[in-house]
Amino acid sequence: MAQAVTTLTENVLREGLILPRTPDPAVMVIFGASGDLTARKLMPALYNLALNRYLPSGFSVVGVADTAISEDEFRSRVADAVNKFSRSQPVDRAVWQSLAEGLIYLRMPFGDQEGYRRLSALLQQLDHDRGTNGNRVFYLATLPQFFPVIVEQLGSSGIAHAGDGWKRVVVEKPFGHDLQSAKALNQAIHAVFTESQVYRIDHYLGKETVQNVMVFRFANGIFEPIWNRRYVDHVQITVAEDIGIERRGKYYETAGALRDIFQNHLLQLLSIAAMEPPPNFDADTVRDEKVKVLKSIHAIDVDNDVVRGQYSPGWVAGQPVPGYRQEANVSETSNTETYVAVRLKIDNWRWADTTFYLRTGKRLPSRASEIAIQFKNAPHQPFARTAIQGLTPNVLVMRIQPHEGASLKIAAKIPGPVMRLRTVNMDFFYGSSFLIESPDAYERLVLDCMLGDPTLFAREDEVERAWALVDGIEQAWATQTPNFPNYAAGNWGPEAADALIERDGRRWRRP
């Protein structure tokens with residue numbers, strides 16, 4: 001009997017995967033359409049969604065900015081950006097042409113009432129011509145000071161509530177500068193949009209491996225029973241960058257590593273790694289459990305459990321790099337931190353007395369983001385001491401970037417007539433396991449927003465609780481003068497960070 005033949009283009013490992021449904025026809029209005037975020041992330045994401053047939057027919061994009069360019073020039077700029085930054089190369093000309101047919105540019109200042117009248121008329125015309133039925137995504141890809149301005153104008157002009165269809169607003173980070181400003185921004189947004197319409201985006205939540213943390217825990221019966229204080233010795237969460245501040249001196253001087261990474265990325269990773277199993281994966285059910293983790297964090301002793309640092313000139317990847325104070329638009333006496341390490345505990349039944357170590361930094365030796373779960377040693381080793389010499393504890397590492405995947409360190413016998421044990425890795429890589437490239441985080445998040453699924457977006461109480469934790473650290477720092485710089489570029493941070501973890505008899509992992 002003839003056997004079925006699998007073609008080279010098929011991937012048997014994808015069989016059974018359920019693809020997301022196609023969203024309703026809609027218009028995405030991108031405020032800040034001439035900016036870097038639109039060029040590098042949003043338009044390439046939309047192109048790849050179109051390429052994979054996830055966008056609805058009639059989907060349209062209205063780019064809004066106060067940049068003096070024509071619509072043809074705007075389309076040309078966007079085409080260049082997609083050609084340069086899309087993960088799918090070469091760009092399919094037919095797919096791009098179809099997407100470009102719904103691409104429109106509108107020049108206006110963000111506070112211009114007349115501009116919003118023109119925008120309103122344009123959106124109504126698109127509903128008529130392209131069947132978008134009043135469905136809108138308002139994407140705020142601007143500087144944060146324009147967020148309340150745009151939202152207020154969308155409300156006063158009637159655009160936020162006009163006609164039938166759903167309306168959603170996407171807000172980029174930073175969502176506030178501290179707890180007070182975050183509350184003020186929430187209040188301004190809620191004057192126009194309900195919480196169910198607000199999508200606060202943190203691109204880390206769109207990464208495949210971040211989502212896979214929940215899958216590893218809740219879809220595999222071997223992990224969840226040991227995911228607690230009885231079996232876990234400690235947890236390390238790292239977001240390391242080998243780059244500097246990338247021409248963002250003005251922004252970074254007002255933010256620093258604590259606000260830029262700890263408040264959002266690191267605390268998001270912590271809440272996902274430590275959350276309780278939700279009864280289902282509805283958006284609010286998942287986010288309820290994440291908020292419980294943030295509320296359970298023990299009061300942080302800033303003097304003893306927090307280390308900050310700033311890089312001096314050094315070498316990264318064999319190249320000399322300047323110190324932070326030598327970067328453009330940075331004060332020569334700046335005390336802004338480029339590195340933060342935090343030691344904390346979670347006061348709940350699952351994690352009582354288990355220590356979590358969080359760190360992030362610029363100009364470190366390599367780029368790596370990961371969650372490392374180190375388990376306790378076996379209570380008794382029946383082997384001779386010489387057999388287990390050099391054996392290390394079991395560690396489960398969830399690699400978020402680069403080389404997305406996971407590894408588990410286990411003990412194994414070295415082949416031979418003598419009983420000797422060695423630690424080996426069991427590795428899982430997304431690329432080799434599924435033979436497809438992982439989508440960019442913005443692709444997943446933009447699609448989820450259009451589908452009306454806020455699971456991977458931050459909720460109001462989640463953001464405010466994270467800022468409350470940061471405010472406590474910032475207030476303690478305000479009374480101190482740090483001894484900066486205190487680590488050379490190309491090193492793994494200041495010596496005080498090593499002392500922070502070594503006093504517990506542990507060491508930082510080297511990703």
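What covers the buried residues of α3? The list includes α1 (36-51), α2 (71-85) and β3 (103-107). The views below come from a predicted model, and they start with that helix.

**View 1. Helix α3 and its two faces.** Here we look at α3 (residues 93-100), whose buried residues are Val95, Trp96, Leu99 and Ala100. They span an arc of only 130 degrees around the axis, so they end up on the same side of α3. Turn to the face pointing away from that buried side and you find the exposed residues Arg93 and Ala94. At the start of the helix, a side-chain oxygen of aspartate 92 comes to within 3.0 Å of the backbone nitrogen of alanine 94.

**View 2. Strand β3 and its partner β2.** β3 is part of what covers the buried residues of α3, and the strand is itself largely enclosed by the rest of the structure, because 4 of its 5 residues are buried. Strand β2 (residues 60-65) pairs with β3 in the parallel sense, over 5 bridges. For one of the bridge pairs, look at valine 62, whose partner in β3 is isoleucine 104.

**View 3. The crossing of α1 and α2.** Both of these helices help cover the buried residues of α3. Packed helices are described by the angle between their axes and the distance between the axes. For α1 and α2, the axes come within 9 Å and cross at roughly 85 degrees. That makes α1 roughly perpendicular to α2. On the α1 side the contact is made by Ala39, Arg40, Met43, Pro44 and Tyr47, while α2 brings in Val78, Ala81, Val82 and Phe85.

**View 4. Helix α7, mostly covered.** Of the 11 residues in α7 (residues 208-218), 8 are buried. Going along the helix, these are Thr209, Val210, Gln211, Asn212, Val213, Met214, Phe216 and Arg217. Polar side chains are in that list too, including those of Gln211, Asn212 and Arg217.

**View 5. The open sheet of 8 strands.** Reading across the sheet, the order is β8-β12-β13-β7-β14-β15-β16-β17, and the pairing is mixed. β8 (306-309) and β17 (421-429) stand at the edges with a single partner strand each, so each has one side without a neighbour in the sheet. Ignoring direction, neighbouring strands are turned by 15 degrees against each other on average.

**View 6. A strand pair from the sheet, and a helix lying across it.** β7 (residues 232-240) and β14 (residues 368-375) pair in the antiparallel sense over 8 bridges. One of the pairs to pick out is alanine 240 with its bridge partner in β14, alanine 368. Then there is helix α14 (residues 495-502), which lies across β7, β8, β12 (339-345) and β13 (355-361). α14 runs at about 15 degrees to β12.

**View 7. Asparagine 264, tucked into α8.** This residue lies in helix α8 (residues 249-274). With a relative accessibility of 8%, asparagine 264 counts as buried. Its side chain reaches the backbone oxygen of aspartate 260 at 3.4 Å, and it also makes a polar contact with the side chain of glutamine 263, at 3.2 Å. Not counting residues up to four places away in sequence, asparagine 264 touches Lys173, Asp202 and Arg259.

**View 8. Glutamate 276, in the loop after α8.** Glutamate 276 sits in the loop between α8 and α9 (283-295). Is this residue buried or partly exposed? At 29% relative accessible area, glutamate 276 is partly exposed. Its side chain makes a polar contact with the side chain of arginine 350, at 2.9 Å. Leaving aside neighbours within four places in sequence, glutamate 276 is in contact with Phe218, Glu289, Asn348 and Arg350. Glutamate 152 is another story: 124 residues away along the chain, its C-alpha atom is separated from that of glutamate 276 by 38 Å.

**View 9. Isoleucine 300, in the loop between α9 and α10.** The last view shows isoleucine 300, found in the loop between α9 and α10 (302-305). Leaving aside neighbours within four places in sequence, isoleucine 300 is in contact with Asp305, Val306, Val342 and Ile473. Leucine 469 is 169 residues away along the chain, yet the C-alpha atoms of leucine 469 and isoleucine 300 are separated by 8.2 Å.

Key:
Residues numbered from 1 in each chain as written. Predicted model: local features only at pLDDT ≥ 70, side-chain atom pairs only at ≥ 80, totals over all residues. Heavy atoms only, no water. Buried < 20%, exposed > 50% of the residue type's maximum accessible area, 1.4 Å probe, protein only. Arc of directions from axis to C-beta. Contact = heavy atoms within 4.5 Å. Polar contact = N/O pair within 3.5 Å; in protein donor to acceptor, adjacent residues only side chain to side chain. Pairing = 2+ DSSP bridges. Axes fitted to C-alpha atoms, helices over the stretch in contact; angles between N-to-C directions. Parallel < 35°, antiparallel > 145°, perpendicular 65-115°, else oblique.
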